[in-house]
Amino acid sequence: MLQSDDVIRYSGNDLTAKKVKELKSFMAAGKPVIVDERFYKDAGKREVDVNNARKDNNQKGTVDVDSQVYQLFSLANDDKYKNHLYITGQVDQSGLLSDVVRNSCKITFNTENGTGYPKEYSYTENGGAIRKDSVQYVDGHTLVYQFQVKGSKSRNYRVNLYIDRNGDGIYKGSLKDPASGQKETEQIGNLTISDQKGNPIQADRLEAGEWYTITQKLPASYVGILPWKLEIYDTDNSNLRNSVSKYCACLLYTSDDADERSSGDLGGRRLIKKKNKCGLRRN
Ligand SMILES: [Ca+2]
């Protein structure tokens with residue numbers, strides 16, 4: 001971050017724009033970010049010790065004005081974030097403590113009988129090739145989740161399910177339907193959710209500590225490796241969220257009672273090793 005006549009700044013020293021965005025979301029959820037006071041001229045005024053020597057030779061501070069960290073550190077004076085951006089030496093202990101213990105939320109799957117989430121895409125290899133008969137597929141073209149929300153009893157939570165159909169690692173993106181030219185979302189709408197007694201539950205009325213089941217039959221066009229993401233968030237503060245992503249695979253869908261597993265060609269064209277099909281990006 002240092003930049004002056006005798007110091008060269010390498011881009012690797014900076015945060016990425018994505019990381020700054022994540023930290024902003026983190027603070028917006030009421031969580032704390034702590035910054036070293038050496039990056040501020042005066043911690044009391046929370047003024048960034050900016051380096052803009054190209055324009056003003058007196059501005060030879062520690063933080064490059066063009067950097068992403070400058071964007072982050074400047075939030076010390078932004079009304080939306082300043083209460084959650086702490087500067088060492090000036091830390092409000094009680095505020096920090098309440099930020100640290102602030103209620104967050106978490107998805108917990110039922111792992112007792114292995115039905116907490118759809119069967120994971122897996123296979124065994126034979127001489128470097130995928131053995132077709134070893135590939136694990138989801139039964140009945142239906143994704144089933146059994147999960148609990150860990151969170152606060154006084155809050156409501158919403159659940160969303162996404163499938164990364166174009167395999168770009170981004171679950172909220174949209175892609176064009178080649179037939180209609182229309183953009184479609186990767187979010188699965190109208191989730192079928194029930195509580196432990198089997199009563200239907202709306203997606204935004206989930207409560208902490210209760211068990212829920214999602215049983216979602218996928219459209220026939222959902223074939224091959226399907227990376228999914230199950231996400232929950234606090235309906236009062238959508239920045240308080242948690243998600244889990246995994247892979248599953250669906251065979252070409254013909255009919256409810258067809259024994260799809262025995263059909264040799266089905267889905268085989270799209271059997272691609274995970275590392276080739278899907279990048280490491282996550283959102
Ligand atoms: Ca995508």
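Q: Over how many bridges do strand 15 and strand 16 pair in the antiparallel sense?
A: A word on the model before the count: it is predicted, local features need pLDDT of at least 70, side-chain atom pairs count only at pLDDT 80 or more, and totals for chains, interfaces and linings use all residues. Residues are numbered from 1 along each chain as its sequence is written. Strands (E, at least two residues) and helices (H or I, at least four) are DSSP runs numbered from the N terminus, and two strands pair if DSSP finds at least two bridges between them. For strand 15 and strand 16, antiparallel partners, the number of bridges is three.

Q: Which residue in strand 16 is the bridge partner of I193?
A: Strand 15 spans 193-195, and its antiparallel pairing with strand 16 has three bridges. Within strand 16, the residue bridged to I193 is I214.

Q: In what order do the four strands of the open sheet with strand 16 and strand 15 stand?
A: Strand 16 also pairs with strand 10, antiparallel to it, through seven bridges. Two of the matched positions here are Q146 with T213 and Q148 with W211. Strand 7 (106-109) and strand 15 are the edge strands, each pairing on one side only. The pairing in this sheet is antiparallel, and the order is 7-10-16-15.

Q: By how many degrees are neighbouring strands of this sheet turned against each other on average?
A: The sheet is the open one with the order 7-10-16-15. Axes are lines fitted to C-alpha atoms (for helices, over the stretch in contact), and angles run from 0 to 180 degrees between N-to-C directions. With direction ignored, the average turn between neighbours in this sheet is 35 degrees.

Q: Which strands stand at the edges of the open sheet that contains strand 11 and strand 17?
A: This antiparallel sheet has the order 14-11-17-18. An edge strand here has a single partner strand, so one side of each is left without a neighbour in the sheet. The two edge strands are strand 14 (187-188) and strand 18.

Q: Through how many residues does a hairpin join strand 17 to strand 18?
A: These two strands pair in the antiparallel sense over 11 bridges. Along the pairing, W228 is bridged to K246 and E231 stands opposite S243. The hairpin connecting strand 17 to strand 18 runs through two residues.

Q: Which strand supplies the largest share of the largest nonpolar core?
A: A nonpolar core is a set of buried Ala, Val, Leu, Ile, Met, Phe, Trp, Tyr and Cys residues joined through C-beta atoms within 7 Å. The largest one has 30 residues, and Y157, W228, I232, C248 and A249 have the most contacts inside it. Strands 10 (142-150), 11 (157-163), 16 (211-217), 17 (224-234) and 18 (237-250) each supply at least two of its residues. The largest share, six residues, comes from strand 17.

Q: How many residues has the other core, which lies apart from this one?
A: W228 of the largest core touches P118, L143, L161, Y162, I163, S245, K246 and C248, not counting residues up to four places away in sequence. A contact is a pair of C-beta atoms, placed from the backbone, within 7 Å. The other core includes F39, V50, V63 and Y70, and its residue count is 14.

Q: Why does V159 count as buried?
A: V159 is in strand 11 and touches L191, I193, A203, L206, L230 and I232, leaving aside residues up to four places away in sequence. Its C-alpha atom is separated by 8.8 Å from that of R205, 46 residues apart along the chain. A residue is buried if 20 or more other C-beta atoms, placed from the backbone, lie within 10 Å of its own, exposed if 12 or fewer, and partly exposed in between. V159 counts as buried because its number of C-beta neighbours inside 10 Å is 23.

Q: In which loop does H141, a residue with positive phi, lie?
A: The phi of H141 is near 55 degrees, a positive value in a residue other than glycine. H141 counts as buried because it has 20 C-beta neighbours inside 10 Å. Its loop is the one between strand 9 (129-130) and strand 10.

Q: Is R46 buried or exposed?
A: R46 sits in the loop between strand 2 (40-42) and strand 3 (47-48). Although R46 is not a glycine, its phi is positive, at about 55 degrees. R46 has 20 C-beta neighbours inside 10 Å, so it counts as buried.

Q: What percentage of the residues of the protein count as buried?
A: The protein has four helices and 18 strands. Of its contacts with a separation of 6 or more, 64% are between residues 24 or more positions apart. Among its 283 residues, the buried share is 22%.

Definitions and conventions:
Contact = placed C-beta atoms within 7 Å.
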